[in-house]
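Trainee: Please walk me through this model in plain terms. I will ask as we go.

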Amino acid sequence: MPLPRVLSGIQPTADSFHLGNYLGALKQWVALQDDHDAFYCVVDLHAITVEQDPATLRRRTLVSAAQLLALGVDPDRSALFVQSHVPEHAQLGWVLQCMTGFGEASRMTQFKDKSQRQGTTGTSVGLFTYPVLQAADILLYQAQRVPVGEDQRQHLELTRDLATRFNNRFGPTFTLPEAYIPPGAAKVLDLQMPDKKMSKSLPPAGCVNLLDDPKVTAKKIRSAVTDTGREVVADPAGKPGVTNLLTIHAALSGQTVPQLEEHFAGRGYGDLKKELAEVVTDALAPVQARTAELLADTAELERVLAAGAARAREVAAPTLAAVYDRVGFLPAGGGPVT
């Protein structure tokens, strides 16, 4: 019986992934390789919905791929590729855009949030339509499962709506993907604003980057916002800062939060922060070393990505060919016309 297929992607819009990326998603990418047919991509097409420096984008694309490999994505067990290396993404994206209503796209909450912050002059059409490209990313591979957080559920619903619309109009073509929340996914909050998810868009003091110098990481953790009182216990409503630190510790150390509460009984926040700094820096050290090793041989890294793109196109090309045939495009090269 074939393994269920999973598709996920991450943007190359920073010099390093952060701890929230890792514990909330990428750690699960690695685990999913054990029992899924996995397709993972660095989504550089999505990255240019906002202005990018070309040289920086190229470098960050390689750094992103290197980090994914360093974290445990195995190119022998999954297809790891760069989105723009598989032209079928953009090609299917256009077909799906032509089946998406303007009002439907306007309702996407992430677009509304970003456009309100940036204003109309700073908002591109690409940002408006990127949920449709995201739908193409998923449907191209007939993925049954898509790891998503709450902020992406609306986009997955759009994907399912578009797939259903196409299938009803042109006949069965796309698999309807299901949202998948992998066990063990941790919601990591900002160290300075523990009411918000850790994000590169917030001030840097609250964000632990995977490639940060260990001294920088330790300082950020020591400076993390905590709560009133001294007792180290998890209480998301009353002690969000301490709860966040315990969540990170548990996700990296393998201990449960109740075990950690017992471990820190009678001790204070300073003890928790000191130990957590060691746990985080120890966990990230091999990732940093392996990332540096991979980036020292970019030719080999690019070979891995090219092999991943070739594997991806083995699935993507037949899907796009079926779509083109069903919408009525004339085949290239004098194929049969029906």
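**Residues, helices and the chain**

Trainee: Is Ala 299 buried or exposed?

Mentor: Ala 299 is exposed, with a relative accessible area of 54%. Exposed means over 50%, buried means under 20%, and partly exposed is in between, with a 1.4 Å probe and protein chains only. This is a predicted model in which local features need pLDDT of at least 70 and side-chain atom pairs count only at pLDDT 80 or more, while totals for chains, interfaces and linings use all residues. Residues are numbered from 1 along each chain as its sequence is written, and side-chain values use heavy atoms, with hydrogens and water left out.

Trainee: Which helix is Ala 299 in?

Mentor: Helix α13, residues 298-327. Helices (H or I, at least four residues) and strands (E, at least two) are DSSP runs, numbered from the N terminus. From Ala 299 to Leu 202 the C-alpha distance is 34 Å, with their positions 97 residues apart in sequence.

Trainee: How many helices and strands does the protein chain have?

Mentor: The protein chain has 13 helices and 5 strands. Its radius of gyration is 22 Å, close to the 20 Å from the globule rule for 338 residues, so the chain is as compact as a globular protein of that length. That radius is taken over C-alpha atoms, and the rule is 2.2 Å times the number of residues to the power 0.38.

Trainee: What does the C-alpha trace span along its principal axes?

Mentor: About 80 × 45 × 45 Å. Of the 338 residues, 49% are buried.

Trainee: What share of the contacts comes from residues 24 or more positions apart?

Mentor: Among contacts with a separation of 6 or more, 74%. Contact means heavy atoms within 4.5 Å.

Trainee: And the surface? What do carbon and sulfur atoms supply?

Mentor: They supply 54% of the exposed area, which is about 16200 Å² for the protein chain. Accessible areas come from the Shrake-Rupley method with a 1.4 Å probe; for residues, only the protein chains shown count as cover.

Trainee: Now α7. Where is its kink centred?

Mentor: On Pro 131, and the kink is about 40 degrees. The bend at a residue is the angle between axes fitted to the seven residues ending there and the seven starting there.

Trainee: What span should α7 have, and how far apart are its end C-alpha atoms?

Mentor: Helix α7 covers residues 125-139; its 15 residues should span 21 Å at 1.5 Å a residue, and the end C-alpha atoms are 22 Å apart, which agrees. The expected span is 1.5 Å times one less than the number of residues. The helix is largely enclosed by the rest of the structure, because 13 of its 15 residues are buried.

Trainee: What comes in the loop between α7 and β4?

Mentor: Gln 142 is found there, with β4 at 145-147. The phi of Gln 142 is near 50 degrees, a positive value in a residue other than glycine.

Trainee: Where does α12 bend?

Mentor: At Leu 284, by about 30 degrees, with Pro 286 following within four residues. Helix α12 runs over residues 269-295, 27 in number, and reaches 38 Å between its first and last C-alpha, close to the expected 39 Å.

Trainee: Next, α3. How many of its residues are buried?

Mentor: 13 of its 18, so α3 is mostly covered. Its reach from first to last C-alpha is 26 Å, close to the 26 Å expected. After α3 comes Gly 72, which has a positive phi near 125 degrees.

Trainee: What is Thr 61 in contact with?

Mentor: Leaving aside neighbours within four places in sequence, Thr 61 touches Pro 12, Val 42, Asp 44 and Val 82. Thr 61 lies in α3, residues 54-71, and is buried at 9% relative accessible area.

Trainee: And α8? Is Arg 169 buried or exposed?

Mentor: Arg 169 counts as exposed, because its relative accessibility is 62%. Helix α8, residues 153-170, holds Arg 169, and Arg 160 is also placed in α8. Beyond neighbours within four places in sequence, Arg 160 is in contact with Leu 176, Pro 177 and Glu 178.

Trainee: Last topic: how many disulfides are there?

Mentor: There are 0, where a disulfide is a pair of cysteine sulfur atoms within 2.5 Å. Cys 41 counts as buried at 1% relative accessibility, whereas Cys 98 is exposed at 53%.
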